Amino acid sequence: MTNKEARLEEVRQFLPQWLEESRKEAASGEVASYIPELSKASHTALGIHLLDIQGDSASAGDCGMSFTLQSISKVFTLILALIDNGEDAVFERVGMEPTGDNFNSMLKLELVRPGIPFNPLINAGAITISSMIKGATPEEKSARILDFFRRLSGGSPLKVNEAVYRSEFETGNLNRSIAYFLVENGVLNGSVEEVLSIYFRHCSIEATCRDLARMALILAGDGTDPLSGENLIPRRYVQIAKTFMITCGMYNASGEFAIKAGLPAKSGVSGGILTFVPGALGIGVVGPALNAKGNSSAGVHLIERLSQRMDWSLF
Ligand code: DON
């Protein structure tokens with residue numbers, strides 16, 4: 001244990017009550033429907049799992065529910081691209097700055113350094129990162145991503161939700177236009193459809209809150225699995241990922257989340273949030289109803305409350 005105590009005993013006492021109170025926030029949110037398959041998720045579901053570096057856990061609500069990682073996957077494909085290519089090669093193609101725009105916006109792609117995505121967590125950046133994963137074929141690249149995610153989740157049999165994948169592939173015209181723009185500007189090489197198949201596949205990997213907490217625990221351990229002692233990610237790459245999670249992980253609500261929760265986090269449009277207390281514990285949350293910024297309404301509320309009550313903020 002380093003700077004922050006996990007104090008799961010205390011969390012366990014209050015968690016069910018806090019979760020039910022946060023669940024009410026779902027009423028003000030909307031389940032994502034631009035990927036039609038996602039609109040089937042329960043509006044009022046809310047689940048959480050916390051896992052500390054001793055292996056103790058606490059959970060509440062709909063924590064057994066499966067959901068797709070969506071943008072949460074972008075943190076880990078970034079890390080794999082860094083492992084595959086090194087820091088210099090990755091940052092030749094993507095920037096390090098927040099946009100203040102929506103995750104699928106093309107606005108700044110044209111305005112500032114044409115074709116260079118602002119950061120690896122917006123869609124333009126994540127599509128570029130997908131193209132940098134090593135492998136002889138798109139299938140091999142997707143298999144390497146899945147294998148990496150499984151290792152980070154402690155061997156969980158994660159798999160792609162094929163219905164969500166097809167739904168994204170069939171309706172992802174905005175992502176297609178972003179990818180063509182990237183090709184036109186020489187940032188993306190190769191076939192747009194092949195790169196998008198890799199990107200949509202990693203967004204469609206299905207997990208539970210426990211899987212998110214387990215993956216987050218590796219980040220909490222600076223790349224070393226606190227439960228097995230195995231080093232899975234170089235510490236420097238966790239440092240990079242963690243910084244992006246603070247500055248861009250909750251999109252254009254990252255500043256507010258840093259003030260209210262003070263934890264590195266990444267959200268996805270399925271309503272998942274992965275967050276962690278460095279040196280102490282990993283947390284996975286799901287609540288499909290999203291607020292106006294595209295983050296889980298109830299999930300954000302629950303994490304902010306937990307962090308404030310437990311004094312987990314890094315700042
Ligand atoms: O490309 C998309 O739009 C989705 N596969 C991922 C977007 C996402 O999760 C943004 N998160 N808030």
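**Notes on the sheets, helices and surface of a predicted model**

1. In this predicted model, five strands make up an open sheet in the order β3-β2-β9-β8-β7, and their pairing is antiparallel. The edges of this sheet are held by β3, which covers residues 57–61, and by β7, which covers residues 265–267, and each of these strands pairs on one side only. On average, and with direction ignored, neighbouring strands of the sheet are turned by 10° against each other.

2. It may help a new reader to recall that the strands of a sheet pair through backbone hydrogen bonds, in either a parallel or an antiparallel manner. At the β7 edge, three bridges join β7 to strand β8, residues 272–277, and the two run antiparallel. Within this pairing, Lys266 has Leu274 of β8 as its bridge partner.

3. Continuing across the sheet, β8 is joined to β9 by six bridges, again in the antiparallel sense, and Phe276 stands opposite Gly282 in β9. These two strands form a hairpin with three residues between them, and in the turn Gly279 has a positive phi of about 80°. On the other side of the order, six bridges join β2 to β9, which also run antiparallel, with Ile283 in β9 as the bridge partner of Leu50.

4. How many of the residues of β9 are buried? The count is six of the six, so this strand is largely enclosed by the rest of the structure. In a regular strand the side chains alternate between the two faces of the sheet. In β9, Leu281, Ile283 and Val285 point one way while Gly282, Gly284 and Val286 point the other way, and all of them are buried.

5. Two helices lie across strands of this sheet, and their directions deserve a careful look. Helix α1, residues 8–23, lies across β2 (47–52), β3 and β9 (281–286), and runs at about 20° to β3. Helix α10, residues 209–220, lies across β2, β8 and β9, and its direction makes an angle of about 145° with β9. The strands β2 and β9 are therefore named in the contacts of both helices, as the definition of contact by heavy atoms within 4.5 Å is applied to each.

6. A second open sheet has three strands in the order β4-β6-β5, with antiparallel pairing. Its edges are β4 (67–68) and β5 (159–160), and because each has a single partner strand, one side of each is left without a neighbour in the sheet. The pairing of β4 with strand β6, residues 205–207, is antiparallel and extends over two bridges, and Phe67 stands opposite Ala207 in β6.

7. Is Leu111, a residue of helix α4 (residues 107–111), buried or exposed? Leu111 has a relative accessible area of 63%, and because the cut-off for exposed is over 50%, this residue counts as exposed. Together with Leu107 and Val112, Leu111 forms a nonpolar patch on the surface, and the accessible area of the three together is about 320 Å².

8. Ala258 belongs to helix α12, which covers residues 254–260. With a relative accessibility of 18%, Ala258 counts as buried, because that class takes in values under 20%. Ala258 and Ile218 are 40 residues apart along the chain, and their C-alpha atoms are separated by 21 Å.

Conventions. Residues are numbered from 1 along each chain as its sequence is written. This is a predicted model: local features need pLDDT of at least 70, side-chain atom pairs count only at pLDDT 80 or more; totals for chains, interfaces and linings use all residues. Side-chain values use heavy atoms; hydrogens and water are left out. Two strands pair if DSSP finds at least two bridges between them. Helices (H or I, at least four residues) and strands (E, at least two) are DSSP runs, numbered from the N terminus. Axes are lines fitted to C-alpha atoms, for helices over the stretch in contact, and angles run from 0 to 180 degrees between N-to-C directions. Patches are made of residues with over 30% relative accessible area and no salt bridge: like charges are joined within 9 Å, nonpolar side chains (Val, Leu, Ile, Met, Phe, Trp, Tyr) within 5 Å. Accessible areas come from the Shrake-Rupley method with a 1.4 Å probe; for residues, only the protein chains shown count as cover. A salt bridge is a side-chain nitrogen of Lys or Arg within 4 Å of a carboxyl oxygen of Asp or Glu. Buried means under 20% relative accessible area, exposed over 50%, partly exposed in between (1.4 Å probe, protein chains only).
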